[in-house]
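This report describes a structure from its metal site outwards, passing through a helix, the nonpolar cores and the strands that frame them. The sequence and the model are shown first.

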Amino acid sequence: CGGDDDGCYGPIDKVEHVRLVKRIQPGAPDAPYGPKGPLEWGQINFMHTTDTHGWLAGHLKEENYGADWGDFATFTRRMRQKADDLGVDFLLVDTGDLHDGAGLSDATTIDGTKSMPIFSEIEYDLLTIGNHELYVTEVAKQMFNEYAKKWGDRYLTSNVKVYNDATKQYEHVGATHRYFTTKQGIRIMAFGVLFDFTGNSNASQVIKAKDMVKETWFQDAIHTDKPVDLFVLLGHNPVRQTDYANTFTTVWNEIRSVHKNTPITIFGGHSHIRDFAVYDQASVGIEAGRYCETLGWVSQSGFSKCNSGYHGAKKPDGKKLTRKATDNSTAPWAYSRRYLDWNRNTFMYHTSSNKNFDSQTGLEITQEITTARKDMNLGEVYGCAPETYCISCVPFDDPKNIFPGVIKPAVNAIVLNDARKDKARMIIGNTGAIRFDLYKGPFTYDDNFVVSPFRDVFRYIPDVPFDKASQVLAKLNKGTVAKRDFASMPIARDDCVDPLIGALTLRDMHQERGIVRRQETITPGYATKDDWGTDGDDTEHTGIPNYSIPSYWESRAGFPTGSDPEKVDLIFFDFIEKYVLQDLGSGFTSDMVSCYINCTFTSQDFMLPYAKLKWQDNIDNCPIGA
Ligand SMILES: Nc1ccn([C@@H]2O[C@H](COP(=O)(O)O)[C@@H](O)[C@H]2O)c(=O)n1
Ligand SMILES: [Zn+2]
Ligand SMILES: [Zn+2]
């Protein structure tokens, strides 16, 4: 285990490089199983990122998601070039949540100070805002003052305003909408709509979708005299219409009430899943997962001189898109969708670039990430985790689940106010604050933010009667805070039938076309089921178990042996204070709540001391394990 070449971490001084995963060359014996076949290019082609949450260094411990932002930059440039060569359109779209999930974005005093300049080196065509850009006032202002200005009319925040200190008014962060014509003549009207988010700081205002659609500018935009060939609806907003947070449907209905047949193509986010939803025969929506694991692909054809301003001459890739949104569609629109795994093998395969893949720009971005990580000491190792602990791949009470395995013992050991150490205590948190699995092996400064990125202060109410405190967890878990799936459900692969090909499985279909790459092992990963079935994943995987977990967890410490205490210190994140007070019921008010250790001790501060306390065995020889 001697450095980044053999896939292992070394001691602290060797862990400075971004490239802790092996660089993968296609065809190399250890290359992961790759894409099942070429992408189907259409007249207009979209690549979509969402919920990147600062993972610009890529997944250093997961080869399958190991590409970094420099690799992605190269890929997008090559794809744009390919589109130009084919004479088709290519648009790159992001749907927000740029912070909270990795050291690069969260280890700076103001989130994003180092990561945002790197993020914005990609030439996106359309972007919109996520809720994670609005929790913290300084971050909202950073978006308003810097990035909205930089991205100009490509940044669409149709229902989000930020307080402008200069004008003393709330103003749209970016543009409300954008009307533009693509290189090949498609005339697009685009909107960017955040779900009805209410957890923002008072630096911003989120206008509910139902109110936004009544606003004059929106009505003017959908009643425009200008010709619109395609509506593009992007939003930090789940595409699935049954999702509790979905407000796309409200906006979609309003557009449809005026434009009965115009295609509406949707790019969503927030629920962190791979998904594709069919709205009607002229409207589909994609969601591209989370954390730089997935790159979404949607292509669309059907534009002609008769129904649009399209003037593209070339036939895309010699193949025509034939898949309609619905089985009985009479509309001219045909689509493809794909979820690409975020690794260099995928990127090289789809650009047929092999060893010539890297570009100067891409390498420079990789170097910037490496330098930033080094400056921020993100590779510093604090402990050697003895096991892998996951959020939902095992049941909630399994010792390998991260809550009983790590989070509860860690808060019990570390979240302790010396002045109250003799008191029994109960600590309650929301499971959503713990963001990612923890891998066996070196636990780095970066991993601290990967697991627990928020600055949620530990607050408490002293001496709460145990019979009251002990009811809170159950009440919280029954409450209205919606729980959601964090990953696509694992599914059986043998029902994989493409409707256009009759009884042939996708595998047979690709085998016939001679585009199946030989595979010895299918690796675990996303096995997605969406409105079109099970053939959306670019690289096939076996699926990962996904157990549902409650919305809140509780840990108890300092309890007397064999009996319950009369009173406890009830400790919780400030993020959930409102709900805890509600569930404690009458007699408990906010003036009883104060900071537990101090007002700067947050959820970013308990994992590193715990790793130092408990995971020192094998620290100098700590291999990454499964
Ligand atoms: N200070 C915060 C902010 C957010 N959370 C958790 O994140 C969830 C939202 O994340 P998305 O990526 O889905 O937008 C939110 O529901 C909380 O669970 C937090 O714990 N602390
Ligand atoms: Zn998110
Ligand atoms: Zn979100």
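## The paired zinc site

With a relative accessibility of 0%, histidine 53 counts as buried. This and every other value below refers to a predicted model. Histidine 53 supplies its NE2 atom to the zinc ion (ligand 2), whose protein donors also include Asp51 (OD), Asp97 (OD) and His272 (NE2), with distances of 2.0 to 2.2 Å. Histidine 53 sits in the loop between β1 (44-49) and α1 (69-86), while histidine 272 belongs to the loop between β11 (264-268) and β12 (274-280), so this pair of donors ties together parts of the chain that are 219 residues apart in sequence. Histidine 272, for its part, has a relative accessibility of 2% and therefore counts as buried too, given that the limit is under 20%.

The zinc ion (ligand 3) is coordinated by Asp97 (OD), Asn131 (OD1), His236 (NE2) and His270 (ND1), at 2.1 to 2.3 Å. Aspartate 97 coordinates both zinc ions, which are 3.4 Å apart. Here again the donors come from distant parts of the chain: aspartate 97 lies in the loop between β2 (89-94) and α2 (103-106), and histidine 236, 139 residues away, in the loop between β10 (230-234) and α7 (248-258). Both aspartate 97 and histidine 236 are buried. The two sets of donors are set side by side below.

| Metal ion | Protein donors | Distances | Spacing in sequence |
|---|---|---|---|
| zinc ion (ligand 2) | Asp51 (OD), His53 (NE2), Asp97 (OD), His272 (NE2) | 2.0 to 2.2 Å | D-x1-H-x43-D-x174-H |
| zinc ion (ligand 3) | Asp97 (OD), Asn131 (OD1), His236 (NE2), His270 (ND1) | 2.1 to 2.3 Å | D-x33-N-x104-H-x33-H |

## Helix α4 and its surroundings

Helix α4, which comprises the 15 residues 137-151, spans 20 Å between its first and last C-alpha atoms, close to the 21 Å expected at 1.5 Å a residue. The helix nevertheless contains a kink of about 35 degrees, centred on methionine 143, and methionine 143 is itself among the buried residues of α4, together with Val139, Ala140, Gln142, Phe144, Tyr147, Ala148 and Trp151. The cover over these buried residues includes α3 (115-119), β3 (126-128), β4 (155-156), β5 (160-164) and β6 (169-172). Just after the helix, glycine 152 adopts a positive phi of about 55 degrees.

## The nonpolar cores

Trp151 of α4 reappears in the largest nonpolar core, a set of 60 residues in which Trp41, Trp69, Phe72, Phe119, Leu134 and Trp151 have the most contacts. Two or more residues of this core come from each of α1, β2, α3, α4, β5, β14 (294-301), α8 (344-350) and α9 (360-375), and α1 gives the most, with 7 residues. Leucine 134 illustrates the packing: leaving aside neighbours within four places in sequence, its contacts are Ile129, Ala140, Val160, Val162, Leu194, Phe197, Asn200, Ser201, Ser204 and Val206. A second, separate core has 53 residues, including Phe396, Leu438, Leu581 and Leu584.

## Strands and sheets

An open sheet of 6 strands runs in the order β4-β3-β2-β1-β14-β15, with mixed pairing. Because β4 and β15 (334-341) stand at the edges and have a single partner strand each, one side of each is left without a neighbour in the sheet. The antiparallel pair β14 and β15 is joined by 8 bridges, and within it glutamine 300 stands opposite tyrosine 335 of β15.

Elsewhere, strand β16 (residues 381-385) is mostly covered, since 5 of its 5 residues are buried under the limit of 20% relative accessible area. Strand β16 runs antiparallel to β18 (residues 441-444), to which 4 bridges join it, and alanine 385 has glycine 441 of β18 as its bridge partner.

Strand β8 (residues 187-192) contains methionine 189, which counts as buried at 3% relative accessibility. Not counting residues up to four places away in sequence, methionine 189 touches His177, Arg178, Tyr179, Ala221, Thr224, Val228, Leu230, Phe231 and Val232. Between methionine 189 and leucine 570 the separation is 381 residues in sequence and 51 Å in space, C-alpha to C-alpha.

Technical notes
Residues are numbered from 1 along each chain as its sequence is written. Chains are lettered from A and ligands numbered from 1 in the order in which they are written. This is a predicted model: local features need pLDDT of at least 70, side-chain atom pairs count only at pLDDT 80 or more; totals for chains, interfaces and linings use all residues. Side-chain values use heavy atoms; hydrogens and water are left out. Donors are N, O and S atoms within 2.8 Å of the metal (3.2 Å for Na, K and Ca); water is not among the atoms, so sites may look incomplete. Buried means under 20% relative accessible area, exposed over 50%, partly exposed in between (1.4 Å probe, protein chains only). Two strands pair if DSSP finds at least two bridges between them. The expected span of a helix is 1.5 Å times one less than its number of residues. The bend at a residue is the angle between axes fitted to the seven residues ending there and the seven starting there. Contact means heavy atoms within 4.5 Å. A nonpolar core is a set of buried Ala, Val, Leu, Ile, Met, Phe, Trp, Tyr and Cys residues joined through side-chain atoms within 4.5 Å.
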